[in-house]
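Please open the model in a viewer and keep the sequence panel visible. The tour below proceeds by selection, with a short account of what is found at each stop.

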Amino acid sequence: MKKFLIFVLISSIPCIGWSQQFDIGEIENARYKIFIPENWNGGLVMYAHGYESIGEEGEIFDEVTDDFMQIFTSRGFAYAASNFRKQGLIIKDGIDDTEALRAYFSKKYGKPNLCFITGHSMGGIISLASVEKFPAFYDGALPLCGWLAPVHFLTKRALDMLVIYDYLFGRNNGEIIDVEKFVDQEKIQVRLDRKPRLVALFSSHFMIKTNQLAEVISFNQFVIKEISSWLGGLPSGNIKTIYSGFGDLDKHINKDIKRYKANNVAEEYYIQNYSPTGELFDPVLALHTIYDELLPVSNYEYYEQITKIKHSSHNYVQQYTTSVGHCAFSNDDIETSFEDLLIWVKEGKRPNKLNR
């Protein structure tokens, strides 16, 4: 196992005269980065990154502290992030690799006196899943622009979008689903431009701005085909789906749309990894934009309701910014929410649900 370890702390109490340290290495084929600031307060913030397609280089870990890291390190917290052992919509690996890094940190530097987890997009899913699964190791979580409903719902939404696009704008021949083919974004846009009235209906149904439809359809196509390639089939199906919301077209869509059966292994992977439990023992403050073309903010209402069912809503707050776009809030927005979370954990003052 390859590691580059600068030094080892045998106590969880920061030393006087601490100098900043980087620890960059690899755990079970997952590269990681740890940074401990000079003013280390004994606390730790774990970070889970967002979706990266298979074959992408991934984040380059070097001895640099960027503006995002400094939200936490400027307050004295150590920062640790795993690049995960593989890419794709790999929720399980992200959870496991993040936990392996947290355990490594605790073993080498001592158990943090406060430990938080945060992450963007897919990392938001991983951060929520981790605080649900390992409540004893965390004091709070800050999911950023994540999907807080079952991931199975997300893959189902993607499939529905693709098959309805195929029926309304394509040839209804399944090429948008076929893993051996890929319909490029330019062709998707050309087909959309031919039917502006249907575009308005489609856009309204999926709550996506019309000028972003081609990009979102192309992205969902890529993700669904990528999942199918490594899990052996579709993670969701539409055999029994009844489609509505398209007016007089509903009866034609339901009669003639292409139908697909989910692959049992692929479907079960996302049901198990991850479906939220809503059982929270630590404060969770979720931050989202008011409009998100990839992960609609409406999914947060699902999680709010499930925490009520599990009687843990006192540990959940969702905040919104008026920014437009996926993960389009600023570092200042994140900093404000993290400060709210710190006060909540340290002083017991639950923050308000608010827009900024």
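The stops that follow concern charged pairs, charged surface patches and several individual residues.

**Before starting**

This is a predicted model, in which local features need pLDDT of at least 70 and side-chain atom pairs count only at pLDDT 80 or more, while totals for chains, interfaces and linings use all residues. Residues are numbered from 1 along each chain as its sequence is written, and side-chain values use heavy atoms, with hydrogens and water left out.

**Stop 1: the salt bridges around helix α2**

The structure holds 12 salt bridges. A salt bridge here is a side-chain nitrogen of Lys or Arg within 4 Å of a carboxyl oxygen of Asp or Glu. Side chains of opposite charge can pair when their charged atoms come close.

Select D97 and R85 to begin. Their side chains meet in a salt bridge, at 2.4 Å from N to O. D97 lies in helix α2 (residues 91-109) and R85 in the loop between β4 (78-82) and α2, so this pair ties together parts that are 12 residues apart in sequence. Helices (H or I, at least four residues) and strands (E, at least two) are DSSP runs, numbered from the N terminus.

Is D97 buried or exposed? D97 has 4% relative accessibility and counts as buried, and R85, at 39%, counts as partly exposed. Buried means under 20% relative accessible area, exposed means over 50%, and partly exposed lies in between (1.4 Å probe, protein chains only).

Next, add K86 and D93 to the selection. A salt bridge joins their side chains at 3.8 Å, N to O. K86 is partly exposed, with a relative accessible area of 34%, whereas D93 counts as buried at 11%. With these four residues displayed, a network can be traced: R85, K86, D93 and D97 are linked by salt bridges.

Move on to R102 and E99. The side chains of R102 and E99 form a salt bridge at 2.8 Å, N to O. Both residues lie in helix α2, three residues apart, which is about one turn of the helix. R102 counts as buried at 8% relative accessibility, and E99 counts as buried at 14%.

**Stop 2: two charged surface patches**

Display the molecular surface and select E59, D62, E63, D66 and D67. Together these residues form a negative surface patch. Patches are made of residues with over 30% relative accessible area and no salt bridge, where like charges are joined within 9 Å and nonpolar side chains (Val, Leu, Ile, Met, Phe, Trp, Tyr) within 5 Å. Lys and Arg count as positive and Asp and Glu as negative, with His and the chain ends not counted. Within the patch, E59 is found in the loop between β3 (44-48) and α1 (67-73), and E59 is partly exposed with a relative accessible area of 30%.

Now select R171, K181, K187, R194 and K195, which form a positive surface patch. One of these residues, R194, is located in the loop between α5 (185-193) and α6 (196-206). R194 counts as exposed, at 63% relative accessibility.

**Stop 3: H152 and its surroundings**

Select H152, which is in helix α4 (residues 151-168). H152 is buried, with a relative accessible area of 18%. Which residues is H152 in contact with, leaving aside its neighbours within four places in sequence? They are P235, S236, E267, Y270 and I271, where contact means heavy atoms within 4.5 Å.

**Stop 4: G245**

Centre the view on G245, in the loop between α7 (213-231) and α8 (250-256). G245 is partly exposed, with a relative accessible area of 46%. Apart from neighbours within four places in sequence, G245 is in contact with L201, H205 and D250. Adding F206 gives a further reference point: G245 and F206 are 39 residues apart in sequence and 10.0 Å apart in space, C-alpha to C-alpha.

**Stop 5: two positive phi angles**

Finally, show the backbone at H311, a residue other than glycine whose phi is positive, near 55 degrees. H311 is in the loop between α10 (299-309) and β8 (316-324) and counts as exposed, at 68% relative accessibility.

The last selection is C327, which has a positive phi of about 55 degrees although it is not a glycine. C327 is placed in the loop between β8 and α11 (331-347). At 22% relative accessibility, C327 counts as partly exposed.

Notes:
Areas by Shrake-Rupley, 256 points an atom, 1.4 Å probe, with all protein chains shown as cover. Charge placed at Lys NZ, Arg CZ, Asp CG, Glu CD.
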